Amino acid sequence: MRAQSASSFVRRDWATRLLQHPRRVDKELAAMILRPLIATHRADVERAVHRLARDDDWEVRESAASLLGDALEREFGDYLVPAQKWVATGDARLRRAVIVAAKYAARSRHPERAETLLDLIEPALADHDEYVRRNLGPFAIGDQLIRSYPDATFTRLERWAHEPNENVRWNVASAFTSASGARVAERAFGMLAFLSTDTRPFVQRAVGAAARNILKRRPELRDAIAEWSGGHRAPVERALEATGAQL
């Protein structure tokens with residue numbers, strides 16, 4: 001058992017009191033105070049994340065996601081179980097906190113954690129809640145997991161692209177609406193070409209946004225994108241038309 005000094009209990013008690021205060025700054029300070037206790041006071045950190053992640057103030061919710069991200073980075077095994085529970089059964093704000101925390105945890109690029117982090121976010125792929133979605137495909141996957149674990153992430157994306165659920169497909173396409181996604185766009189052509197055959201407007205909009213992002217950041221890929229063939233190509237054609245004047 002890790003040693004728990006008297007000062008750590010004082011720190012915990014201060015954080016507990018600050019969490020009761022209505023001011024944003026007090027709640028953010030509570031999260032800051034708890035950071036050194038990640039390894040020794042797991043239950044207290046979990047309670048704080050659970051509470052702060054559902055706060056009405058978005059900056060407080062950010063502090064919760066950041067705290068959980070640090071906890072996963074430093075004590076991965078200990079905090080993985082509650083994170084898995086929250087992403088599966090928590091409310092939208094709590095699910096979103098786990099998604100963002102997974103992004104932060106991926107920054108350390110521990111190779112042995114790649115599959116587990118991808119497993120952690122997978123249940124949220126079918127989530128239709130906008131707050132969860134816009135932090136998953138474009139942000140957690142596109143902005144970080146693709147950079148930290150490119151091979152493992154692309155393997156998952158290729159599998160997910162063939163899931164019939166439109167929210168899953170939206171997240172796959174939206175991973176390439178980020179700057180990081182555009183940088184590795186060549187690897188995504190097969191997936192995006194396949195997704196462009198999905199006639200559902202929700203998926204088409206995501207494919208179109210990905211194509212526009214790639215064309216804007218990588219204009220040299222215009223001809224390659226224009227050669228996509230098969231099925232319904234409307235979102236790609238619209239992206240080509242929309243960016244034509246810029247290229």
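**Figure 1. Leu157 and the company it keeps.** Skip past the residues up to four places away in sequence, and Leu157 touches Ile141, Ile146, Val172, Ala175, Phe176 and Met191. Keep in mind as you look around that this is a predicted model. Leu157 also belongs to a bigger picture, the largest nonpolar core, which has 79 residues. Leu157 is among the residues with the most contacts inside that core, together with Leu120, Ile121, Ile141, Trp160 and Phe176. Which helix gives this core its largest share? That would be helix 6, with 11 residues. As a general backdrop, nonpolar side chains in soluble globular proteins tend to be buried together.

**Figure 2. The whole chain, for orientation.** Let's step back for a moment before the next close-ups. How many helices and how many strands does the chain have? The count is 15 helices and zero strands. Taken along the principal axes, the C-alpha atoms fill a box of roughly 65 × 35 × 30 Å. The chain has 247 residues, and 53% of them count as buried. Look at the contacts with a separation of 6 or more, and 73% of them turn out to join residues 24 or more positions apart.

**Figure 3. Ile121 in helix 7.** Here we meet another of the core residues with the most contacts. Ile121 sits in helix 7, and its relative accessible area is 0%, so it is buried. What does Ile121 touch, once residues up to four places away in sequence are set aside? The list is Ile99, Ala102, Leu136, Ile141, Leu145 and Trp160. For a sense of scale, try Ala173: it lies 52 residues from Ile121 in sequence, and their C-alpha atoms are 16 Å apart in space.

**Figure 4. Phe154 in helix 9.** Now for helix 9, which covers residues 150-160 and is home to Phe154. Is Phe154 buried or exposed? With a relative accessible area of 1%, Phe154 is buried. Leave aside the neighbours within four places in sequence and Phe154 is in contact with Ile146, Phe176, Val184, Arg187, Ala188 and Met191. Ile146, Phe176 and Met191 may ring a bell, as Leu157 touches them too. From C-alpha to C-alpha, Phe154 and Val172 are 9.7 Å apart, with their positions 18 residues apart in sequence.

**Figure 5. Where helix 4 meets helix 6.** Helix 4 (residues 58-74) packs against helix 6 (residues 92-106) at an angle of about 50°, and their axes are 7 Å apart. That angle is why helix 4 counts as oblique to helix 6. The crossing of the two is right-handed. On the helix 4 side, the contact is made by Arg61, Glu62, Ala65, Ser66, Leu68, Gly69, Leu72 and Glu73. Helix 6 answers with Arg93, Arg96, Ala97, Val98, Val100, Ala101, Ala102, Tyr104 and Ala105. Sorted by class, that contact has 10 nonpolar, two polar and five charged residues.

**Figure 6. Where helix 2 meets helix 4.** Helix 4 has a contact with helix 2 (residues 24-34) as well, this time at an angle of about 0° and with the axes 9 Å apart. The angle is therefore one that makes helix 2 roughly parallel to helix 4. Arg24, Lys27, Glu28 and Ala31 of helix 2 meet Glu59, Val60, Ser63 and Leu67 of helix 4. By class, this contact has three nonpolar, one polar and four charged residues.

**Figure 7. Lys103, a buried lysine.** Back to helix 6, where Lys103 is found. Lys103 has a relative accessible area of 6%, so it counts as buried. Not counting residues up to four places away in sequence, Lys103 touches Phe139, Ala140, Asp143 and Gln144.

**Figure 8. Arg109, in a loop.** Follow the chain on from helix 6 and you reach Arg109, in the loop between helix 6 and helix 7 (114-121). Phi of Arg109 is near 60°, a positive value in a residue other than glycine. With a relative accessible area of 42%, Arg109 is partly exposed.

**Figure 9. Val203 in helix 13.** Our last stop is helix 13 (residues 201-217), where you'll find Val203. Val203 counts as buried, at 0% relative accessibility. Apart from neighbours within four places in sequence, Val203 is in contact with Glu166, Arg169, Leu195 and Asp198. Ala124 is 79 residues away from Val203 along the chain, and 17 Å separate their C-alpha atoms.

Technical notes. Residues numbered from 1 in each chain as written. Predicted model: local features only at pLDDT ≥ 70, side-chain atom pairs only at ≥ 80, totals over all residues. Heavy atoms only, no water. Axes fitted to C-alpha atoms, helices over the stretch in contact; angles between N-to-C directions. Helix = DSSP H or I, 4+ residues; strand = E, 2+ residues; numbered from the N terminus. Parallel < 35°, antiparallel > 145°, perpendicular 65-115°, else oblique. Left-handed = near helix turned anticlockwise from the far one by under 90°. Contact = heavy atoms within 4.5 Å. Nonpolar A, V, L, I, M, F, W, Y, C, P; charged D, E, K, R; others polar. Core = buried A, V, L, I, M, F, W, Y, C linked by side-chain atoms within 4.5 Å. Buried < 20%, exposed > 50% of the residue type's maximum accessible area, 1.4 Å probe, protein only.
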